[in-house]
Amino acid sequence: MNDINAWVWWLVAAAGLGIPLVVTAMPEFGMLAVGAVAAAVVAGIGGDVVLQVLVFSAVSVALIAVVRPIATRHRAQRPQLATGIEALKGKQAVVLERVDGSGGGRIKLGGEIWSARALDAGQVYEVGQEVDVVDIDGATAIVM
């Protein structure tokens with residue numbers, strides 16, 4: 001492997017590492033591919049094989065050590081913007097028709113009228129009371 005072809009081999013290695021990245025969706029392969037591209041740059045400017053391998057190793061390990069924990073932390077976080085029925089949980093509503101555990105009542109929630117039932121079957125909420133939405137079960141708000 002002479003100096004003029006070394007950078008080509010590193011680019012082939014980067015492409016080879018990119019294939020499993022796409023197939024398996026494992027970002028570690030992408031980080032190794034970036035390390036191979038860095039080694040190709042070193043080979044292109046005339047660095048010897050030892051320096052190329054050191055750059056490949058250092059860049060790959062640095063990316064895995066820095067980027068992977070950040071990506072794992074972001075993947076574990078819940079979305080900041082709740083939408084749909086998730087956005088209604090925890091909101092306050094006003095009782096329009098008597099709400100009890102049987103589910104025959106109505107509330108005004110977010111400008112819309114919803115059927116509602118009490119979380120506690122023995123609890124009753126009268127017209128005009130403010131309640132908190134605990135959950136949404138189909139088209140029925142569970143309140144307390």
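Within this predicted model, S60 has its place in helix α3. S60 is buried, because its relative accessible area is 3%, which falls under the 20% that marks the limit for buried residues. Leaving aside residues up to four places away in sequence, S60 touches M31, L32 and G35. Another residue of helix α3, which spans residues 49-76, is T72. T72 counts as partly exposed because its relative accessibility is 37%. Between T72 and V22 there are 18 Å in space, taken from C-alpha to C-alpha, and the two are 50 residues apart in sequence.

**Helical regions and a surface patch**

An unreviewed UniProt entry lists residues 6-23 and residues 53-71 under "transmembrane region". In the model, the chain over residues 6-23 is 100% helix and 0% strand, with 26 Å between the end C-alpha atoms. Over residues 53-71 the chain is likewise 100% helix and 0% strand, and the end C-alpha atoms are 26 Å apart.

A nonpolar patch on the surface is formed by W7, V8, W9, L11, V12, V37, V41 and I45, which together have about 760 Å² of accessible area. Helices α1 (3-24) and α2 (27-44) are the elements that give two or more residues to this patch, and the largest share, five residues, comes from α1. One of the patch residues, V37, lies in helix α2, and V37 counts as partly exposed because its relative accessibility is 38%.

**The strand region**

The unreviewed UniProt entry also carries the annotation "domain: NfeD-like C-terminal", which covers residues 86-143. Over these residues the chain is 0% helix and 52% strand, and the end C-alpha atoms are 14 Å apart.

Which residues cover the two faces of strand β5? On one side of β5 (residues 140-143) are T140 and I142, on the other are A141 and V143, and all of them are buried. Strand β5 runs parallel to β3 (residues 112-118), to which four bridges join it, and R117 stands opposite I142 of β5. Strand β4 (residues 130-137) is also joined to β5 by four bridges, but these two strands run antiparallel. The bridge partner of D137 in β5 is T140. In the hairpin of β4 and β5 there are two residues between the strands, and G138 takes a positive phi near 70 degrees.

**Salt bridges**

Side chains of opposite charge can pair when their charged atoms come close. How many salt bridges does a search of the whole structure find? The search finds six, and the table gives some of them with the distance between the closest N and O atoms.

| Salt bridge | Closest N and O atoms |
|---|---|
| K89 and E86 | 3.2 Å |
| D100 and R98 | 3.8 Å |
| E126 and R98 | 3.2 Å |

The pair of E126 and R98 links distant parts of the chain, since E126 is in the loop between β3 and β4 while R98 is in the loop between β1 (92-97) and β2 (105-109), 28 residues apart. R98 is partly exposed, with a relative accessible area of 44%, and E126 counts as partly exposed at 40% relative accessibility, whereas D100 counts as buried because its relative accessibility is 19%.

Elsewhere, E86, K89 and D135 are linked in a network of salt bridges. Within this network, K89 counts as partly exposed at 31% relative accessibility, and E86 counts as partly exposed at 38%.

Note on methods. Residues numbered from 1 in each chain as written. Predicted model: local features only at pLDDT ≥ 70, side-chain atom pairs only at ≥ 80, totals over all residues. Heavy atoms only, no water. Buried < 20%, exposed > 50% of the residue type's maximum accessible area, 1.4 Å probe, protein only. Pairing = 2+ DSSP bridges. Patch = residues over 30% accessible without salt bridge, like charges linked within 9 Å, V, L, I, M, F, W, Y side chains within 5 Å. Areas by Shrake-Rupley, 256 points an atom, 1.4 Å probe, with all protein chains shown as cover. Salt bridge = Lys/Arg side-chain N within 4 Å of Asp/Glu carboxyl O. UniProt positions renumbered as here; feature names shortened; annotations may be inferred. Contact = heavy atoms within 4.5 Å.
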